[in-house]
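Student: Please take me through one part of this model closely. I would like to see which of its residues are buried, what they pack against, and how the part sits in the whole chain.

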Amino acid sequence: MLRRLADRLIDMADRRNRSPRHEARWLNLTGFCLRPGFGAPGDDWRVGELWKLWHRGPVAASQPQVAAEWWVLWRRIAGGLRLGQQQQIAGALTRDIVPRPGERLPPSRRTAQDQVEKWRCLGALERLPPESKTRIARTLLEAPGQPADHHYWVVARLGARKLFHGPADAVIPADTAAAMLRRLVTRCREEGPSRPALFAVASVARLCGIRNLDIGDDDRRAAMQLLQSAQAPAEWCSLLTSAAEAGAEVTSQIVGDSLPLGLAVERPDESMNGS
């Protein structure tokens, strides 16, 4: 059903120009109907059609809501983008939002929504080479100032031991991830562990069962101690002890998206009972 809606929205792409409100709704709905950019027949074509818009940019780019929804769209369909396409997006975002060495991170309370969505889009580009991911994550963890929630989400995605859509050769090596994890743990102890920071710890320390990707036992134990002392969700802690697939709650944290307000998913047996 979502893909049929996406096809209709793609057919109506030119009509988004009627007003900034039309464009904002079109961007939001199209990305939602096509997320995560793969998994259904025809998704390659659908993502290819949307990619034609990349070089044009949003029509009402000066409107804050349109600017934010533009990056929400690309984050939601990032899994269907090829490496070269993800690198083009990452290049534009890196020049725009990633601070230079020594520069402070902007205070989160002053961060406009479109800037937040730019960071979240950057974090969703899992096909980027490990070297590129490492530079971005290190910049966030070493820059003066306290990372905001969306910064920790970016670290969780880029430093993950198990990627949502990226290939295994795009995972940051274990020794690099271990150094990143130590920095994360130190920041949590110094600044107080926020929920997004704890999820980043769980994601980077996660057990994946691949020897050259799993971090060492000592670093994983330190991460587990932090998670338990901060009363992190049990499902997050289990990521460090089992290489099994994550549950729905963890997947929702990884994707950074949920159903729109008012919609719910019913299990087939519940709907048959009239629930």
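Tutor: Start with the buried residues of helix H9. They are Ala174, Thr176, Ala177, Ala178, Met180, Leu181, Leu184, Val185, Arg187 and Cys188. Keep in mind that this is a predicted model. Find these residues in the structure, then look at what surrounds them. Four helices serve as packing partners for the buried residues of H9. Two of them are helix H7 (130-142) and helix H8 (149-158). The other two are helix H10 (195-205) and helix H11 (217-229).

Now check the length of the helix. H9 covers residues 174-191, which is 18 residues. At 1.5 Å a residue, H9 should span 26 Å. The C-alpha atoms at its ends are 25 Å apart, so the expected span and the model agree. What follows H9? The next residue is Gly192, and its phi is positive, near 90 degrees.

A positive phi also turns up at a residue that is not a glycine. Gln231 has a phi of about 55 degrees. This residue sits in the loop between H11 and helix H12 (234-238). H11 is one of the helices that the buried residues of H9 pack against. Is Gln231 buried or exposed? Its relative accessibility is 72%, and exposed means over 50%, so Gln231 counts as exposed.

Another loop deserves a look. Pro36 lies between helix H2 (20-34) and helix H3 (43-51). The peptide bond that joins Arg35 and Pro36 is cis, with omega at about 0 degrees.

Step back to the whole chain. The protein chain has 14 helices and 0 strands. Its radius of gyration is 19 Å, close to the 19 Å that the globule rule gives for 275 residues, so the chain is as compact as a globular protein of that length. Along the principal axes, its C-alpha atoms fill a box of roughly 55 × 55 × 35 Å.

What share of the residues in the chain is buried? Of the 275 residues, 49% are buried. Next, take the contacts with a separation of 6 or more. Residues 24 or more positions apart account for 73% of them.

Finish with the surface and the charges. The accessible surface of the chain comes to about 14,100 Å². Carbon and sulfur atoms hold 51% of that surface. The chain carries 39 positive and 31 negative charges. The mean positions of these two sets are 4 Å apart.

Conventions
Residues are numbered from 1 along each chain as its sequence is written. This is a predicted model: local features need pLDDT of at least 70, side-chain atom pairs count only at pLDDT 80 or more; totals for chains, interfaces and linings use all residues. Side-chain values use heavy atoms; hydrogens and water are left out. The expected span of a helix is 1.5 Å times one less than its number of residues. Buried means under 20% relative accessible area, exposed over 50%, partly exposed in between (1.4 Å probe, protein chains only). Contact means heavy atoms within 4.5 Å. The radius of gyration is taken over C-alpha atoms; the globule rule is 2.2 Å times the number of residues to the power 0.38. Accessible areas come from the Shrake-Rupley method with a 1.4 Å probe; for residues, only the protein chains shown count as cover. Lys and Arg count as positive and Asp and Glu as negative; His and the chain ends are not counted. The place of a charge is taken as NZ of Lys, CZ of Arg, CG of Asp or CD of Glu.
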